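Here's a quick tour of a fold, written for someone who likes to check things in a viewer. Open the structure and follow along.

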Amino acid sequence: MSEVTEKLGAHEVAAWLRRHPTFLQQFPDLALTLVVPREEGPTASLASYQLDVLRDKNRELSRRLGELSSNALENERLAVRVHQLTLALMRQDSRAATLSAMAASLEEDFHGDLVRIVVLGPMPPELADAPWLQAMSADSSHLVPFRDCLADGEPICGRLQPQKNALLYASQADEVASSALLPLPGIGLVAVGSRDGNRFYPGMGTLFLRMMGESLAAALKRFDPAG
(Lines give C-alpha, C1' and ligand atoms only; values in the text may rest on other atoms or scores of the structure.)
Protein backbone atom coordinates (compact mmCIF):
# COMPACT_ATOMS: atom_id res chain seq x y z
CA MET A 1 0.00 0.00 0.00
CA SER A 2 2.85 2.30 0.90
CA GLU A 3 4.70 1.59 -2.37
CA VAL A 4 1.59 2.25 -4.47
CA THR A 5 0.93 5.47 -2.65
CA GLU A 6 4.51 6.59 -3.21
CA LYS A 7 4.35 5.78 -6.95
CA LEU A 8 1.05 7.56 -7.35
CA GLY A 9 2.43 10.51 -5.47
CA ALA A 10 5.46 10.65 -7.73
CA HIS A 11 3.29 10.55 -10.84
CA GLU A 12 1.08 13.25 -9.46
CA VAL A 13 4.09 15.40 -8.71
CA ALA A 14 5.46 14.84 -12.21
CA ALA A 15 2.13 15.69 -13.79
CA TRP A 16 1.82 18.80 -11.67
CA LEU A 17 5.32 19.93 -12.63
CA ARG A 18 4.48 19.46 -16.33
CA ARG A 19 1.52 21.77 -15.87
CA HIS A 20 3.71 24.26 -14.00
CA PRO A 21 7.02 24.42 -15.88
CA THR A 22 8.05 27.67 -14.16
CA PHE A 23 7.65 26.26 -10.64
CA LEU A 24 11.39 26.16 -9.95
CA GLN A 25 11.73 29.85 -10.77
CA GLN A 26 9.88 30.50 -7.54
CA PHE A 27 12.18 28.19 -5.55
CA PRO A 28 15.69 28.43 -7.07
CA ASP A 29 17.24 26.92 -3.95
CA LEU A 30 15.15 23.77 -4.52
CA ALA A 31 16.49 23.48 -8.05
CA LEU A 32 20.02 23.50 -6.69
CA THR A 33 19.31 20.52 -4.43
CA LEU A 34 17.98 18.26 -7.19
CA VAL A 35 20.36 15.56 -8.44
CA VAL A 36 19.58 14.31 -11.94
CA PRO A 37 22.04 12.40 -14.17
CA ARG A 38 22.72 14.35 -17.34
CA GLU A 39 22.84 11.18 -19.45
CA GLU A 40 19.23 10.29 -18.73
CA GLY A 41 17.54 12.53 -21.19
CA PRO A 42 16.08 15.96 -20.63
CA THR A 43 18.20 16.67 -17.58
CA ALA A 44 20.48 18.98 -19.50
CA SER A 45 17.86 21.74 -19.37
CA LEU A 46 17.65 21.44 -15.59
CA ALA A 47 21.43 21.54 -15.33
CA SER A 48 21.42 24.66 -17.47
CA TYR A 49 18.78 26.13 -15.23
CA GLN A 50 20.89 25.35 -12.19
CA LEU A 51 23.87 26.97 -13.88
CA ASP A 52 21.83 30.07 -14.67
CA VAL A 53 20.73 30.31 -11.05
CA LEU A 54 24.32 30.04 -9.88
CA ARG A 55 25.37 32.69 -12.37
CA ASP A 56 22.62 35.03 -11.15
CA LYS A 57 23.70 34.48 -7.57
CA ASN A 58 27.31 35.09 -8.53
CA ARG A 59 26.38 38.35 -10.27
CA GLU A 60 24.40 39.48 -7.22
CA LEU A 61 27.27 38.59 -4.87
CA SER A 62 29.71 40.44 -7.14
CA ARG A 63 27.45 43.49 -7.13
CA ARG A 64 27.19 43.45 -3.33
CA LEU A 65 30.93 42.96 -2.99
CA GLY A 66 31.49 45.95 -5.27
CA GLU A 67 29.21 48.10 -3.13
CA LEU A 68 30.95 47.01 0.07
CA SER A 69 34.35 47.72 -1.45
CA SER A 70 33.24 51.16 -2.64
CA ASN A 71 31.80 52.01 0.78
CA ALA A 72 34.96 50.82 2.51
CA LEU A 73 37.13 53.03 0.29
CA GLU A 74 34.90 56.06 0.89
CA ASN A 75 34.94 55.47 4.65
CA GLU A 76 38.72 55.15 4.55
CA ARG A 77 39.01 58.48 2.72
CA LEU A 78 36.68 60.12 5.24
CA ALA A 79 38.64 58.69 8.17
CA VAL A 80 41.86 60.14 6.75
CA ARG A 81 40.28 63.58 6.29
CA VAL A 82 38.83 63.57 9.81
CA HIS A 83 42.24 62.61 11.18
CA GLN A 84 43.90 65.43 9.23
CA LEU A 85 41.24 67.86 10.48
CA THR A 86 41.93 66.81 14.07
CA LEU A 87 45.66 67.38 13.64
CA ALA A 88 45.05 70.78 12.02
CA LEU A 89 42.76 71.89 14.86
CA MET A 90 45.21 70.80 17.54
CA ARG A 91 48.03 72.74 15.85
CA GLN A 92 46.22 76.10 16.16
CA ASP A 93 47.37 78.50 18.85
CA SER A 94 44.17 80.47 19.51
CA ARG A 95 40.39 80.11 19.65
CA ALA A 96 40.01 82.25 16.53
CA ALA A 97 42.57 80.22 14.58
CA THR A 98 40.87 76.97 15.61
CA LEU A 99 37.46 78.17 14.40
CA SER A 100 39.01 79.41 11.14
CA ALA A 101 40.71 76.06 10.57
CA MET A 102 37.43 74.24 11.16
CA ALA A 103 35.53 76.42 8.69
CA ALA A 104 38.26 76.17 6.04
CA SER A 105 38.48 72.39 6.28
CA LEU A 106 34.71 71.92 6.03
CA GLU A 107 34.65 74.06 2.91
CA GLU A 108 37.79 72.76 1.19
CA ASP A 109 38.26 69.17 2.38
CA PHE A 110 34.62 68.22 2.89
CA HIS A 111 33.25 70.32 0.01
CA GLY A 112 30.66 72.28 1.96
CA ASP A 113 28.82 74.81 -0.22
CA LEU A 114 28.01 77.03 2.78
CA VAL A 115 29.75 76.63 6.13
CA ARG A 116 28.41 78.36 9.20
CA ILE A 117 29.51 78.34 12.85
CA VAL A 118 27.62 79.79 15.79
CA VAL A 119 29.61 80.15 19.00
CA LEU A 120 28.08 80.62 22.43
CA GLY A 121 29.80 83.53 24.12
CA PRO A 122 31.90 86.43 22.91
CA MET A 123 32.98 86.90 19.32
CA PRO A 124 36.74 86.48 18.85
CA PRO A 125 37.89 90.01 17.86
CA GLU A 126 40.03 88.65 15.03
CA LEU A 127 36.90 87.17 13.40
CA ALA A 128 34.53 90.10 13.85
CA ASP A 129 34.12 90.40 10.08
CA ALA A 130 34.02 86.68 9.27
CA PRO A 131 30.78 86.07 7.30
CA TRP A 132 30.62 82.43 8.36
CA LEU A 133 30.69 83.10 12.10
CA GLN A 134 28.06 84.33 14.57
CA ALA A 135 28.39 84.77 18.32
CA MET A 136 25.49 84.91 20.75
CA SER A 137 24.72 84.19 24.37
CA ALA A 138 23.51 80.74 25.31
CA ASP A 139 20.12 82.11 26.38
CA SER A 140 19.53 84.08 23.20
CA SER A 141 15.98 83.81 21.89
CA HIS A 142 17.43 83.19 18.41
CA LEU A 143 18.57 79.78 19.62
CA VAL A 144 15.10 78.58 20.68
CA PRO A 145 14.68 76.42 17.51
CA PHE A 146 17.99 74.72 18.37
CA ARG A 147 17.34 74.22 22.08
CA ASP A 148 16.63 70.47 21.87
CA CYS A 149 19.56 69.60 19.62
CA LEU A 150 21.94 71.75 21.68
CA ALA A 151 20.82 69.78 24.74
CA ASP A 152 21.36 66.30 23.31
CA GLY A 153 24.23 67.03 20.90
CA GLU A 154 22.89 64.69 18.24
CA PRO A 155 23.89 65.57 14.65
CA ILE A 156 21.03 66.31 12.26
CA CYS A 157 21.13 65.63 8.53
CA GLY A 158 18.56 66.62 5.93
CA ARG A 159 16.35 69.62 5.28
CA LEU A 160 16.28 71.97 8.26
CA GLN A 161 13.25 73.94 9.36
CA PRO A 162 13.01 77.40 7.75
CA GLN A 163 13.69 79.24 11.02
CA LYS A 164 16.88 77.24 11.49
CA ASN A 165 18.03 77.93 7.95
CA ALA A 166 17.25 81.63 8.43
CA LEU A 167 19.49 81.92 11.48
CA LEU A 168 22.34 79.86 10.04
CA TYR A 169 22.45 81.06 6.46
CA ALA A 170 20.67 84.45 6.61
CA SER A 171 20.36 85.93 3.09
CA GLN A 172 21.62 82.68 1.51
CA ALA A 173 19.06 80.43 3.23
CA ASP A 174 17.16 79.90 -0.03
CA GLU A 175 20.29 78.42 -1.62
CA VAL A 176 20.49 75.57 0.89
CA ALA A 177 18.66 72.36 -0.02
CA SER A 178 20.13 70.10 2.69
CA SER A 179 22.38 70.46 5.72
CA ALA A 180 24.52 68.60 8.20
CA LEU A 181 24.03 70.29 11.57
CA LEU A 182 26.43 69.50 14.38
CA PRO A 183 25.27 70.82 17.77
CA LEU A 184 28.01 71.14 20.36
CA PRO A 185 26.50 71.55 23.86
CA GLY A 186 28.03 74.52 25.64
CA ILE A 187 30.00 75.52 22.54
CA GLY A 188 27.61 76.25 19.68
CA LEU A 189 26.59 74.99 16.27
CA VAL A 190 28.45 73.91 13.16
CA ALA A 191 26.47 73.71 9.94
CA VAL A 192 27.43 72.55 6.46
CA GLY A 193 24.89 73.51 3.85
CA SER A 194 24.58 71.99 0.40
CA ARG A 195 22.74 73.13 -2.72
CA ASP A 196 22.14 69.43 -3.42
CA GLY A 197 18.98 68.21 -1.72
CA ASN A 198 20.35 64.66 -1.63
CA ARG A 199 23.77 65.49 -0.17
CA PHE A 200 22.59 65.21 3.44
CA TYR A 201 19.54 63.11 4.34
CA PRO A 202 17.89 61.69 7.47
CA GLY A 203 19.25 58.30 8.41
CA MET A 204 22.72 58.78 6.95
CA GLY A 205 25.66 57.81 9.13
CA THR A 206 26.83 60.49 11.55
CA LEU A 207 29.88 58.79 13.06
CA PHE A 208 32.37 61.06 11.30
CA LEU A 209 30.33 64.15 12.17
CA ARG A 210 30.49 63.17 15.84
CA MET A 211 34.23 62.64 15.59
CA MET A 212 34.69 66.07 13.99
CA GLY A 213 32.58 67.70 16.70
CA GLU A 214 34.58 66.00 19.44
CA SER A 215 37.82 67.15 17.81
CA LEU A 216 36.61 70.76 17.64
CA ALA A 217 35.39 70.67 21.24
CA ALA A 218 38.74 69.30 22.47
CA ALA A 219 40.70 71.86 20.46
CA LEU A 220 38.61 74.80 21.74
CA LYS A 221 38.77 73.59 25.33
CA ARG A 222 42.49 74.43 25.37
CA PHE A 223 41.56 78.14 25.26
CA ASP A 224 38.72 78.00 27.78
CA PRO A 225 39.83 79.98 30.87
CA ALA A 226 37.54 77.82 33.00
CA GLY A 227 38.77 74.59 31.38
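What follows covers the sheet, the helices packed on it, and the nonpolar cores.

## The sheet

Keep in mind that this is a predicted model. Its five strands make an open sheet with mixed pairing, in the order 2-1-5-4-3. Strand 2 (133–136) and strand 3 (156–158) sit at the edges with a single partner strand each, so one side of each has no neighbour in the sheet. From one strand to the next, the twist averages 10°.

At one end of that order, strand 1 (residues 114–120) and strand 2 run parallel and are joined by four bridges. Leu-120 pairs up with Met-136 of strand 2 as its bridge partner.

## Helices on the sheet

Helix 5 (residues 95–108) packs on the sheet and touches strand 1, strand 2 and strand 5 (188–194). Its direction makes about 155° with that of strand 1.

Helix 8 (residues 207–221) also packs on the sheet, but its contacts are with strand 3, strand 4 (178–184) and strand 5. Here the angle is about 45°, taken against the direction of strand 4.

## Strand 4 and its partners

Is strand 4 buried or exposed? Seven of its seven residues are buried, so the strand is largely enclosed by the rest of the structure. In a regular strand, side chains alternate between the two faces of the sheet. For strand 4, both faces are covered: Ser-178, Ala-180, Leu-182 and Leu-184 are buried on one side, and Ser-179, Leu-181 and Pro-183 are buried on the other.

Strand 4 runs antiparallel to strand 3, with three bridges between them, and Ile-156 has Leu-181 as its bridge partner. Strand 4 is also antiparallel to strand 5, this time through seven bridges; one of the pairs is Pro-183 with Leu-189. Strands 4 and 5 form a hairpin with three residues in between, and Gly-186 in the turn has a positive phi of about 80°.

## Nonpolar cores

The largest nonpolar core has 30 residues. Those with the most contacts inside it are Leu-99, Met-102, Leu-106, Ile-117, Trp-132, Leu-133 and Val-190. Helix 4 (43–91), helix 5, strand 1, strand 4, strand 5 and helix 8 each supply at least two residues of this core.

Leu-106 is a handy one to click on: leaving aside residues up to four places away in sequence, Leu-106 touches His-111, Gly-112, Val-115, Val-190, Val-192 and Met-212. Apart from the largest core lies another, of 17 residues, including Leu-143, Cys-149, Leu-181 and Ala-191.

Terms used: Residues are numbered from 1 along each chain as its sequence is written. This is a predicted model: local features need pLDDT of at least 70, side-chain atom pairs count only at pLDDT 80 or more; totals for chains, interfaces and linings use all residues. Side-chain values use heavy atoms; hydrogens and water are left out. Two strands pair if DSSP finds at least two bridges between them. Axes are lines fitted to C-alpha atoms, for helices over the stretch in contact, and angles run from 0 to 180 degrees between N-to-C directions. Contact means heavy atoms within 4.5 Å. A nonpolar core is a set of buried Ala, Val, Leu, Ile, Met, Phe, Trp, Tyr and Cys residues joined through side-chain atoms within 4.5 Å. Buried means under 20% relative accessible area, exposed over 50%, partly exposed in between (1.4 Å probe, protein chains only).
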